Amino acid sequence: MSFPMLHKRFVARVIWQSRRQAAIFVLCTVLSLVTMVALAGFSESVRRAMMQDARRLHAGDVLVRANMPFSDGLQREISRLVEETAIEAARIHEFYSLVRAPRTGDTLLSQVKVVPPSYPFYGEVVLGSGQPLVRALRSGQAVVEPAVLERLDLRVGDALQVGRARLTIADTLLNEPDRPVDFFSLGPRVMVAAADLEALDLVQHGSRVWHSYRLRLPAPEMETSVVQRLRQAALAGQEIVEPARSAESRMTRFFDNLLFFLGLVGIFTLLLAGFGIQSALAALLKDQAPTIAIMRAVGATHRFIAIHYLGAVLLMAVVGTTGGLAGGMLLQWMLPALFAGLIPRGLGAAPTLPALLEGAALGMGVVGLFAFLPLYRLREVRPAATLRISETATRRGPAYLAALAAVGIFFAAMILWQIEDQRTGAWFVAGTGLLIGWLALCTRLILAGLRRLTTRRLILRQAVKGLFRPRNATAATIVTLAAALTLILAIVLVERNLDATFVQSYPDDAPNLFLLDIQPSQRAAIAAMLGPRAEFYPVVRARIASINGTPVDREEERRRRSDNLARTFNLTYRGDLLPDEVLTAGSALFRTDWPDEVVQVSMLERVRRLHPFQIGDRIVFRIQGVPLEAVVSSIRERTRDSLSPFFYFIFQEKDLAVAPQTLFAALRVPPEDIHRMQNRVAARFANISAIDATATARIFGRILRRLSAIVRFFTAFAVAAGLLIIVSAVLATRAARVRETVYFKILGAPRRFVARVFALENLIIGLLSGLLALIAAQAAAWLVCRRVLSIAYHPYPGIGLALLAATIVLVAAVGMAAARGILNERPESFLRRQDQGM
Amino acid sequence: MIILEAQHLSHSYRIGGRDIRILDDVSLAVEAGEFLVIQGASGSGKSTLLSLLSGLDKPGSGRIRIDGRDITDLGEDDLAPIRNTAIGFVFQAYHLVPALTAIENVMFPAELRGDPAAAEKAAALVNRVGLADRRDNFPHQLSGGEKQRIAICRALINAPAVIFADEPTGNLDSASGQAILTLLREFQRERGATLVLVTHNPEIAATADRVLKLVDGRLRHELPHAA
């Protein structure tokens, strides 16, 4: 059989004749790719930059870190390496501390970094004066971020009290290689010379300090052996040794999480845009049905027709994919501005060939996936259609089910392929499936109810009838819009609830001043200063080594996107439940029927999300390298969401009293007294960090709003996909709508009547989409707030109603704009076309 | 009394850059209660003349009056109430609204008018044409003859002064066609309405009060009233 010749002009004419539908098809293809390409490229650029510039971003070749003082064994090994080879080591301490302006007595919570003259090995610390750090930062001096000067009303050359040392501000700090400017930080940076560390007197037993070494290797090939030697000497699970190129920083982890989430939003948009592609192509082929029927009638084979229309689809897909790649690159180019302050300065995002090829393959794949069904249905166009003008309903046969299954499998595979954490992926797939399934079910039920609606109001009746116009894709439009709106509203609601819980309505009875790192010897003096309001909690820092004899897999745990068992936990000891705690398992906090030598631990219910702990499980904790095996005696739950301190693990005093520990105090002071209290604490107890929880909450809220804006930006693309589907649905039903308009006009309906019917039809679609989104978003946000974040939930009906109103207006406006030409259709020209078989 | 009057109607269509003259200086007057047939071959301009007379299209030149009112320059929205109450249409292709059931199609013009008795009137008409058992069927569930009967009911529900029928039997077999014609005539006589019917069929023309013959857009003969 010879291959039918492709008539290129025919293909071009098909596209030109159905140019409106073709434009929607191309726009949907563009939309499906833009976010995916932009995010994939940006993500790769960030990762590549972080990898290429890893040495700069970590200011060394090898990074050794711990949040407890380094063990003697590791210290010795580092010293030996430095002595034996040409390796250089820079010991760095980082911690939060209140710094004070001696002149005014004002204090400011700052992030202090103590560095030796050799810091940084790579990259550059940029100072206001332009001089090198090593020249500006000598003993007795400090360089500070401009915010320190602003907030404490200081100038370069003024004195600054850091701990017990009074330093001179030598310069302003504009940039440091291993920290983005606005990254999550509760206070501005103060950099101090290592020579002054002791004079500060801030690093004490149990203090909250991030300890690190940056090593510079004389030759890159030494890396493996050095890392290996250090790892052997390090305490497993407590001291981390990583080459810079694979070191995981807070920043890389943050970006991993954010880009992962945005990637999921991208996949969501891809799915919605795919529906748009399918809807637009179905409309185009519907438009072409008379042509196809005539071609059939004169003897064209299905193969001949399919090849020509496939050619048209391919051409549109290529144009759409090219547009999508271009749009993606443009967006990628804009992303550094969107993420400004959260990513290191100067991090560029350049498109890479693999990312472009991947994008192109993705675009063609998505088009292929969603174009299959409409193209397959070409075979259903019969020559007899030339004689018929009535609509025929499409049947949902095996091809429909196969196409549906293919879409489901494709997206599940994409999500699982994108992420390493299979559990999160499975949750997302299940969540998305559940959301779309629920929306589809509700839409079906509501539409079935509407179909039975009997009303005497003619306009409403006609509008409802219009929803069931063949090929109107009412259900698909509602589900798509509702899904996109659910995502947007749920994110806004979670953000508002977080904001309300931690920022706006800071509970009146919650402590608002937290004192960290109180040495046991300071307790009496602090208690005398704070008065009886202060509550003290002993804090022992520990990691979990094993559970029931099975070591904790730290690599696996760190891959989790939420809390994990590899981190350091704060243990405490006391004998009673707090007023806001109840037991959910076990008869008492600690068992009296167990032998005295058994170390008992009570855990918070929340820990069970990390591992299915049971009463009687044996957990080995490692406290500064010393193992302590404890048996789970009870499980507790908090009865209300408050900002009172709580601990995951509680021991009996007898078992932890002698462990290295600090104290943590929490108290409620009148807000206007917080600053004064901070100043007093800083003046007398330099090592203690007094944190204003309300200020911390404000910073948290600011970052939250920033991230929320980024997410909203990407979710807007999903909404655009929903709106394109509305336009596509109007185009798909254009012929039916024109006929209705003409008939209504012939029977004496004014244009106003027809416009009202169409407007009401769109209002119903907008209202249903908005209402379903409102319900789904409330449920999703409630679930996230109550189950994941464990905070109180407020439904914010005002925000929901505003979104509902906005949706209705938007849908009605887009629907009416698309139907504008139809309303102007004149009866006579339609009837003439009918008579002439056009 | 003259219910419908056309003076010097001319009309052209522009197709492929060429002006094609469809009607050329057509004038006519129709008495109230008259059954007028406009007869002509395919392409003679008879359907165009019907479109102009009924206000569905505007003439290139000339004037049209219905019940004494000049409708020539009226806009779509001004024509709407005239189409709704003064005119009834019956088409060869039925043109029923696909999304409405048979009874809903019939009720529709009365509902547009705000007639509270729309449902009762529609039911009575549907009963009268013998389609009570098909009243809740959609157009695609009806046969050609049934569709046309529903279309006639729809044309009559607002008791129009003039009924325009464009080849109403053209898509039907001869028995159904005859039945439709009988029905139209019955209703016309009962209600004293004017019936303007376009056809190329001489047998139908023979039953008319008067026949106008169109040839190439010109009115050639005005045949005497049928016996």
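In which helix of chain A is L314(A) found? In this predicted model, the residue belongs to helix α11 of chain A, and it makes a good starting point for a walk across the surface. Together with L310(A), V318(A) and M364(A), L314(A) forms a nonpolar surface patch whose combined accessible area is about 320 Å². Helix α11, which spans residues 302-338, contributes three residues to this patch, the largest share. L314(A) itself counts as partly exposed because its relative accessibility is 44%, a value that falls between the 20% limit for buried residues and the 50% limit for exposed ones.

The wider setting of the patch is chain A, a chain of 838 residues built with 25 helices and 21 strands. Buried residues account for 56% of chain A. Its accessible surface amounts to about 36100 Å², with carbon and sulfur atoms providing 59% of that area. When contacts at a sequence separation of 6 or more are considered, 82% of those in chain A join residues 24 or more positions apart.

A view of the interior is offered by T443(A), which sits in helix α14 of chain A (residues 422-451). With a relative accessibility of 2%, T443(A) counts as buried, since the limit for that class is 20%. Once neighbours within four places in sequence are set aside, the contacts of T443(A) are A475(A), I478(A), V479(A) and L772(A).

Attention now turns to the meeting of the two chains. The size of an interface is often expressed as the accessible area lost when the parts come together. For chain B and chain A, the buried area is about 2500 Å², and 62% of it lies on carbon and sulfur atoms. On the side of chain B, H95(B), F108(B) and L112(B) supply 23% of the area buried against chain A, more than any other three residues. The contact draws on 27 residues from chain B and 24 residues from chain A.

Charged and polar groups also take part. Two salt bridges are counted between chain B and chain A. R461(A) and E111(B) form a salt bridge in which the closest N and O atoms are 2.2 Å apart. Five residue pairs are in polar contact across the interface, with both residues at pLDDT 80 or more. In chain B, the elements that give two or more residues to the side touching chain A are α2 (76-85), β6 (87-91) and α3 (102-113).

Some details of the backbone also invite a closer look. In chain A, the peptide bond from Y119(A) to P120(A) is cis, with omega near -10 degrees. P120(A) is placed in the loop between β3 (107-115) and β4 (126-127) of chain A.

Chain B offers two residues with positive phi values. D67(B), which is not a glycine, has phi near 50 degrees and lies in the loop between β4 (61-66) and β5 (69-70) of chain B. Phi of Y94(B) is about 65 degrees, again positive in a residue that is not a glycine; Y94(B) is found in the loop between β6 and α3 of chain B. How buried or exposed are D67(B) and Y94(B)? D67(B) counts as partly exposed because its relative accessibility is 48%, whereas Y94(B), at 11% relative accessibility, counts as buried.

Key. Residues are numbered from 1 along each chain as its sequence is written. Chains are lettered from A and ligands numbered from 1 in the order in which they are written. This is a predicted model: local features need pLDDT of at least 70, side-chain atom pairs count only at pLDDT 80 or more; totals for chains, interfaces and linings use all residues. Side-chain values use heavy atoms; hydrogens and water are left out. Patches are made of residues with over 30% relative accessible area and no salt bridge: like charges are joined within 9 Å, nonpolar side chains (Val, Leu, Ile, Met, Phe, Trp, Tyr) within 5 Å. Accessible areas come from the Shrake-Rupley method with a 1.4 Å probe; for residues, only the protein chains shown count as cover. A salt bridge is a side-chain nitrogen of Lys or Arg within 4 Å of a carboxyl oxygen of Asp or Glu. Helices (H or I, at least four residues) and strands (E, at least two) are DSSP runs, numbered from the N terminus. Buried means under 20% relative accessible area, exposed over 50%, partly exposed in between (1.4 Å probe, protein chains only). Contact means heavy atoms within 4.5 Å. Buried area is the accessible area (1.4 Å probe) that two parts lose on being put together, summed over both. A polar contact is a pair of N or O atoms within 3.5 Å; within protein, one must be able to donate a hydrogen and the other to accept it, and residues adjacent in sequence count only if both atoms are side-chain atoms.
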